[in-house]
Amino acid sequence: MPYVEVTSSTGKTIFKYTICTPASEEANEIDKGLPTLLFIHPVSIAEHIFHAQFNDPQLRRFNLVSFDLRGGHGGTTGDRVPTHYGQSEAAEDTIKLMDALHLPPCHFVAMSSGTTIAVQVAVTEPERVLSLFLISHLCLEIPPEIAEGHQEVYDLWASAFPNESTVLIDTVYDAGFGNSQYMFTTPQLSPLVTAMIQITYPVAMVKWSYHYLDQFRVMNLDFYLNRKSHPKSALARIIGSVKLVHGSEDIAYPRSYSEEFLKHLNKAGVDASLLEVPGAPHYLSPDYATFINPVLHDFILQNDEFDLLLHAPVPSHVVSPWEDAMRQAGWESDNDSSDSSDTDNLDIDVYNHTLAEISESNL
């Protein structure tokens, strides 16, 4: 697992990152002859949310790059995020990370709160962003009723850690259930999503435990509540095309929310369009990859001058960088039609094992 150290105005970070090329799921650097896609995951999960994209042979014709955000996400460590950490600070970190990895201008692929960061980069340093593929965007200010939901999840999670030696597992489940409804709509999760949560929650229970509830609040509540819409003058700085992707079954954000942002982009002179995915929830990248991956592939071809057909044939076999972790978490790629399940088999033993593996100095 590669790491790179980055220093920004809000501290030092050791980012866990992933680079996939057509030849390798664990590359040390990009193939400089190919377009590069930079993926930004939402808060509350980690980069493996894009497993179904990194496992797609068509998309693996490109360089695919992802990373774990700061503030307790995945394998990224370093200084704590300050209380004012938001979209501008996260965008600065992303730009610094691009420099550290020697990335050229990229096509940004982001989902949910990750889109807030991607658009902030695009209006701050437009030359860095060739295009924006925004899944379930959060680029307008949060509606009050959605803010209340995030507050409830935070309150539940915080109450699960009443002191440094106690974890109320049932309360963790309650917070997780509320969050999963926001992310995936249905309480019955697919085997793929269940595996993703099995990977995520033991780490979250350590990195957002009693002594780190401030980090949970900043990244999983304040990041939502304090986000700001961009004025027309800022959106006009976006250089590349924008594709908005909305799930028809997104219970938090209706189609009108995406249509409103589309109007803002169009009025600013940005080449933007909207795609609705039938039946899809807010976090739609895992279970609706067969729908959105071909759209993403074609969108990149339309917005890059690279002659992909001539120079980048489809790899005959690709493996996701998170394949082994998914399988260890119970996912079977050939058995995705099996009965859905939830996260009730997460238990205190998994938490304790994870706690033992993550040292205090690396939180």
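This report walks through a predicted model, looking at its annotated span, two helix packings, some aromatic rings and a few single residues.

## The annotated span

UniProt lists residues 48-283 under "domain: AB hydrolase-1", and the entry it comes from is unreviewed. In the model, that span is 46% helix and 14% strand. The C-alpha atoms at its two ends sit 13 Å apart.

## α2 against α3

Let's start with helix α2 (residues 87-100) and helix α3 (residues 113-124), whose axes are 8 Å apart and meet at an angle of about 70°. That angle makes α2 roughly perpendicular to α3. On the α2 side, the contact is built from Gln87, Ser88, Ala90, Ala91, Thr94 and Ile95. From α3 come Thr116, Ile117, Gln120 and Val121. Sorted by class, the α2 and α3 contact is an even affair: five nonpolar residues, five polar ones and no charged ones.

## α4 against α7

The other pair is helix α4 (residues 144-159) with helix α7 (residues 213-225). Here the axes come within 9 Å and cross at roughly 175°, so α4 runs roughly antiparallel to α7.

The α4 face brings in Ala147, His150, Gln151, Tyr154, Trp157 and Ala158. Facing them from α7 are Leu213, Phe216, Arg217, Asn220, Leu221, Tyr224 and Leu225. Nine of the residues in the α4 and α7 contact are nonpolar, three are polar and one is charged.

## Aromatic rings

There are 14 aromatic pairs in the structure. One of them joins Tyr154 and Phe216, with ring centres 5.9 Å apart and planes at 20°, which makes the pair stacked. Tyr154 belongs to helix α4 and Phe216 to helix α7, so this pair ties together parts of the chain that are 62 residues apart. Both partners are shielded: Tyr154 counts as buried because its relative accessibility is 13%, and Phe216 counts as buried at 5%.

Trp157 and Phe161 make a pair as well. Their ring centres lie 5.6 Å apart with the planes at 45°, so this pair is tilted. Trp157 and Phe161 are buried too.

Which residues share a cluster with these rings? Tyr154, Trp157, Phe161, Tyr201, Trp208 and Phe216 form one aromatic cluster.

## Two positive phi angles

Neither Ser112 nor Thr185 is a glycine, yet each has a positive phi. For Ser112 the angle is about 55°, and the residue lies in the loop between β6 (106-111) and α3. Ser112 counts as buried, with 0% relative accessibility.

Thr185 has a phi of about 70° and is found in the loop between α5 and α6 (191-207). Is Thr185 buried or partly exposed? At 24% relative accessibility, Thr185 counts as partly exposed, since the buried class stops under 20%.

## Leu168

Leu168 sits in the loop between α4 and α5 (169-184). Its relative accessible area is 37%, so Leu168 is partly exposed. Apart from neighbours within four places in sequence, Leu168 is in contact with Ser159, Ala160 and Pro162. Glu249 is a different story: Leu168 and Glu249 are 81 residues apart in sequence, and their C-alpha atoms are 32 Å apart in space.

Terms used: Residues are numbered from 1 along each chain as its sequence is written. This is a predicted model: local features need pLDDT of at least 70, side-chain atom pairs count only at pLDDT 80 or more; totals for chains, interfaces and linings use all residues. Side-chain values use heavy atoms; hydrogens and water are left out. UniProt positions are given in the numbering used here, feature names are shortened, and annotations may be inferred rather than shown by experiment. Helices (H or I, at least four residues) and strands (E, at least two) are DSSP runs, numbered from the N terminus. Axes are lines fitted to C-alpha atoms, for helices over the stretch in contact, and angles run from 0 to 180 degrees between N-to-C directions. Angles under 35 degrees count as roughly parallel, over 145 as roughly antiparallel, 65 to 115 as roughly perpendicular and the rest as oblique. Contact means heavy atoms within 4.5 Å. Ala, Val, Leu, Ile, Met, Phe, Trp, Tyr, Cys and Pro count as nonpolar, Asp, Glu, Lys and Arg as charged, and the others, Gly among them, as polar. Rings of Phe, Tyr and Trp (its six-membered ring) pair if their centres lie within 6.5 Å; planes under 30 degrees apart count as stacked, over 60 as edge-to-face and the rest as tilted. Buried means under 20% relative accessible area, exposed over 50%, partly exposed in between (1.4 Å probe, protein chains only).
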